[in-house]
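The following exercises concern charged side chains and their pairing. Each task is followed by a solution in steps.

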Amino acid sequence: MSKITEIKQTSNSFLVFKTGSEHFATHVGHVNHIMEVPRITDLPDSPEFVKGLINLWGKPLPVVDVRKKMGLKELDFNVNTCVVVVQVLIENEIRQLGLIVDSVDEVLEIDSENILPTPEAKVFDTSSFIYGVYPFEDEFILMLDIDLLFISDNINLDSKQLSDVEESLETTRI
């Protein structure tokens, strides 16, 4: 059993972050840490939603612009913009990625019985990675399956691509 699975089975904690005008939550079992947006190195010939690479403790970390993934207009970063470093399952391998989000709000304890199913109407194609909604105050928090976000039809990011990037950076280091 993976560490992520273990944590998911024993915890109801979810990190809530904002992208655009919506709040999303992902299980804390996927979250390694949260950091300010550092300098990002452009990555040529990468998918549009891949912003580039950051240096995470001397290792390259691909960062994904969640706004672009969600089809939202790209905005300039501000003091609240941050990178959420997550572990995701890509092609049966756990990988680290950075998610650029507009802001991180809080960690909430959410019991699964309080998560409502997503509506049947498909206004936009998020059904593959939004598995429910949680009523909170006067709005809904969209429950995000972070693993499914990276295997949806809209994303062509696989383990080999990430390995190739890491290898090329290792060989070019002086």
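**Exercise 1.** Which residues gather in a patch of negative charge on the surface?

*Solution.* The model is a predicted one. The patch on its surface is formed by Asp 105, Glu 106, Glu 137 and Asp 138. Next, place one of these residues: Asp 105 belongs to strand β8, residues 103-109. Finally, consider its exposure. Patch members need over 30% relative accessible area, and Asp 105, partly exposed, has 36%.

**Exercise 2.** Determine how many salt bridges the structure holds, and analyse the one between Glu 74 and Lys 51.

*Solution.* The structure holds four salt bridges. In the pair of Glu 74 and Lys 51, the closest N and O atoms are 2.3 Å apart. Glu 74 lies in the loop between α2 (66-69) and β6 (82-90), and Lys 51 in strand β4 (residues 50-56), so the salt bridge ties together parts 23 residues apart in sequence. Both residues are partly exposed: Glu 74 has a relative accessibility of 34%, and Lys 51 one of 24%. The two residues also belong to a network of salt bridges that includes Lys 68.

**Exercise 3.** Classify the partners in the salt bridges Asp 102–Arg 67 and Glu 93–Arg 95 as buried or partly exposed.

*Solution.* Begin with Asp 102 and Arg 67, whose N to O distance is 3.1 Å. Asp 102 is in the loop between β7 (93-101) and β8, while Arg 67 is in helix α2, 35 residues apart. Both partners are buried.

Turn then to Glu 93 and Arg 95, with closest N and O atoms 3.2 Å apart. Glu 93 is partly exposed at 36% relative accessibility. Arg 95, at 7%, is buried, because buried means under 20%.

Note on methods: Residues numbered from 1 in each chain as written. Predicted model: local features only at pLDDT ≥ 70, side-chain atom pairs only at ≥ 80, totals over all residues. Heavy atoms only, no water. Patch = residues over 30% accessible without salt bridge, like charges linked within 9 Å, V, L, I, M, F, W, Y side chains within 5 Å. Areas by Shrake-Rupley, 256 points an atom, 1.4 Å probe, with all protein chains shown as cover. Salt bridge = Lys/Arg side-chain N within 4 Å of Asp/Glu carboxyl O. Lys, Arg positive; Asp, Glu negative; His and termini not counted. Charge placed at Lys NZ, Arg CZ, Asp CG, Glu CD. Helix = DSSP H or I, 4+ residues; strand = E, 2+ residues; numbered from the N terminus. Buried < 20%, exposed > 50% of the residue type's maximum accessible area, 1.4 Å probe, protein only.
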